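I opened this notebook to keep track of what I looked up in one protein structure. The entries below follow the order in which I went through it.

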Amino acid sequence: MKRRIFSVFALLTALVTIATTLSVCVLYYGFYRETVKSGLQDECYALARSVEESQDVPELLRQVGYALGRNTRMTLVGTDGAVLFDSGLAASTLPNHGDREEFMQAREQGFGEATRHSDTLNADTYYYAVALENGNLLRLSRTMNSILDVFFGTVPLILLVLVLSLALSLLLASLLTKMILRPVNEAARQLEGMLTPGEYTEIKTYRELEPFIGKIRALQRQLEEYVRKLKAQKDTVGTITRNMREGLILMDREKNILAINRSAQEMLETPGGMDYTGQNILHLTRSLQLQEALQKVLSENRGLSFDEEDILGGCHRFFVSPAQDESGQLDGIMVFIVDITSEKKAEQVRRDFAANVSHELKTPLTSINGFAEMIETGMLQSSDDIRASCARIHREGSRLIRLIDDIIRLSEIESGSAEEQVAPCSLREIVDEAIASTESPAREKGIKISVSGEDVMLYGRRPMLYELVYNLLDNAIKYNVPKGSVTLSLSQEEERALLQVSDTGIGVPPEHLERIFERFYRVDKSRSKQTGGTGLGLSIVKHIVEYHHGTISLTSKEGEGTTFTVVLPKNGK
């Protein structure tokens, strides 16, 4: 045991000797480096003053260059970075130095320094630059080889003692290390296997190390369980945030982003694939409302919400909440973003629909009430006037019933509460039935109706499809010119059925095309009143098409006619 202690002592002695020698080397070398830097800085400032006072700067620099020797290099750079003078090389052969680190610092703060290593010379070169009053920059540089040469020249004895001490220490320690550390090395090898999850082995080592090994085993079990729980929580949270339709941003108190999901980046219209973790929220968005909300949450430590519209017409609702620690202190900020574009549009549609329904119902009711009051008060005495008023009341009542029926039908289609069953339908039979239903108004206006193309079988709700064709055909007759024509064309493309309804009517002006399918929207309100329309026909058509997963489009030229094109999947899906 004594020999072990003695050997360990010898080893520690060698280590202390090595550490001391290395410390002396580092301090000695650092002292000389600082001496060189300090001297070069003083020379640079002294030379800068001389240059600013000199009438012949190039001659002054040449003379100083000869005095300083080859180990020190001088460079004068203009305001644009071009080299005006260099003591080592011709200025015309040197590239622009404006991007050098020391010159960039000198322009900003009046002085700059840099150290660069030369692989060719295997030495460091220290550069120091100062800014002159005229905007030019003066730089001095000096290599460090001389410092190392002086150092190695002054400490050969120390190095010799160090080498001998190390040799003796290593010789004595080699055998002792093998003897003392053999059980420890064996324990280390077994620990590697033990630390593998789920594997535990018995370890033979010094009795004094057994509590340590036992503690490692217990900690390893705890660590495995902790890592498993953390991984499960991370996977769960990651899965939730990745698949959230809502946006989520977590920030610290300095507004630096800790986490952000894909939906938030898409809602804020940021470039995809960029990682904003660790960056300030300003790198993600410049929203003034969001910045004001964040500042308010930080100052008041309470949540708030606001709505913000983007340039594309979308609308998002931001919920900004403080993240508090167990003591209630503000620890960060959470931003939850919800896309409420459809909600806003739906609300606007509801408001418009309510306003339009009120207006459309009020008009016939006002007329009915007026004529009824005239009859009640005896203002109409003759039987002809009374019959005319009753006829007007009947027409307005019929119009009111048609309007209510259309509103109910549209509501049924939108809500999906229609009871019709999906079944195979012949599109030609539906077209023929709709033509028969509109034969009378077409004959009155002298309109010719023709059908072309092949019959198409498709799955759908037949009453709805009949209503679709009837409304398109009825529109084509109502808004056609006397003795005009209507053409219905049937065709199919792969798994799609196509129906086109073309007329030679008044057409639709370009500015009305986008709104033609809106509820109660009329291109010519006076003409619609003459034809008795409710303004819901095309809206019902559009909803029937969408109910069958199809599309509808139109082309029109004012004064020449309109063509509606309906595309429906043959399988009804």
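**Entry 1: the whole chain**

I began with contacts, and I found that residues 24 or more positions apart account for 55% of the contacts in the protein with a separation of 6 or more. I should write down early that this is a predicted model, and that its mean pLDDT is 78, with 73% of the residues reaching 70 or more. For the secondary structure I noted 15 helices and 17 strands. The protein has 573 residues, of which 36% count as buried. I also looked up the surface, where the protein exposes about 34800 Å², and carbon and sulfur atoms supply 56% of that area.

One stretch I marked for caution is residues 525-532, over which pLDDT stays under 50. For this stretch the model has 11 contacts beyond four places in sequence.

**Entry 2: aromatic pairs**

How many aromatic pairs does the structure hold? My search gave 5 of them. I looked at Phe 306 and Phe 318, whose rings are stacked, with 4.9 Å from centre to centre and 0 degrees between the planes. Phe 306 belongs to strand E8 (residues 304-309) and Phe 318 to strand E9 (residues 315-324), so this pair ties together parts that are 12 residues apart in sequence. I then checked whether these two rings are covered, and both Phe 306 and Phe 318 turned out to be buried.

Next I turned to Phe 319 and Phe 336, an aromatic pair that is tilted, with 6.4 Å between the centres and 50 degrees between the planes. Phe 319 is in strand E9 and Phe 336 is in strand E10 (residues 330-339), so I noted this as a link between distant parts of the chain, 17 residues apart. Phe 319 has a relative accessible area of 34%, which makes it partly exposed, and Phe 336, at 30% relative accessibility, also counts as partly exposed.

Before leaving the aromatic residues, I noted one aromatic cluster, which is formed by Tyr 45, Phe 111 and Tyr 128.

**Entry 3: salt bridges**

A search of the whole structure gave me 14 salt bridges, and I followed up some of them. In the bridge between Arg 139 and Glu 102, the closest N and O atoms are 2.8 Å apart. Arg 139 sits in strand E5 (residues 137-143) and Glu 102 in helix H3 (residues 101-109), and this pair links distant parts of the chain, 37 residues apart. Are these two residues buried or exposed? I found that both Arg 139 and Glu 102 are buried. I also saw that Glu 102, Arg 116 and Arg 139 are linked in a network of salt bridges.

I then looked up Arg 302 and Glu 300, whose side chains meet in a salt bridge with an N to O distance of 2.8 Å. Arg 302 counts as partly exposed because its relative accessibility is 46%, and Glu 300 counts as partly exposed at 36%.

The bridge between Glu 493 and Arg 496 has its closest N and O atoms 2.7 Å apart. Here I recorded 38% relative accessibility for Glu 493, which is therefore partly exposed, and 40% for Arg 496, which is partly exposed as well.

**Entry 4: a nonpolar patch on the surface**

Which residues form a nonpolar patch on the surface? I listed Leu 223, Tyr 226, Val 227 and Leu 230, which together have about 390 Å² of accessible area. I picked out Tyr 226, which lies in helix H6 (residues 210-243). The relative accessibility of Tyr 226 is 52%, and the residue therefore counts as exposed, since that class begins over 50%.

**Entry 5: Glu 433 and its contacts**

My last look-up was Glu 433, a residue of helix H11 (residues 427-437). At 35% relative accessibility, Glu 433 counts as partly exposed. What is Glu 433 in contact with, leaving aside its neighbours within four places in sequence? I found Arg 462 and Tyr 466. Tyr 466 is 33 residues from Glu 433 along the chain, and I noted that the C-alpha atoms of these two residues are separated by 7.8 Å.

Terms used:
Residues are numbered from 1 along each chain as its sequence is written. This is a predicted model: local features need pLDDT of at least 70, side-chain atom pairs count only at pLDDT 80 or more; totals for chains, interfaces and linings use all residues. Side-chain values use heavy atoms; hydrogens and water are left out. Patches are made of residues with over 30% relative accessible area and no salt bridge: like charges are joined within 9 Å, nonpolar side chains (Val, Leu, Ile, Met, Phe, Trp, Tyr) within 5 Å. Accessible areas come from the Shrake-Rupley method with a 1.4 Å probe; for residues, only the protein chains shown count as cover. A salt bridge is a side-chain nitrogen of Lys or Arg within 4 Å of a carboxyl oxygen of Asp or Glu. Helices (H or I, at least four residues) and strands (E, at least two) are DSSP runs, numbered from the N terminus. Buried means under 20% relative accessible area, exposed over 50%, partly exposed in between (1.4 Å probe, protein chains only). pLDDT is the predictor's confidence in each residue, from 0 to 100. Contact means heavy atoms within 4.5 Å. Rings of Phe, Tyr and Trp (its six-membered ring) pair if their centres lie within 6.5 Å; planes under 30 degrees apart count as stacked, over 60 as edge-to-face and the rest as tilted.
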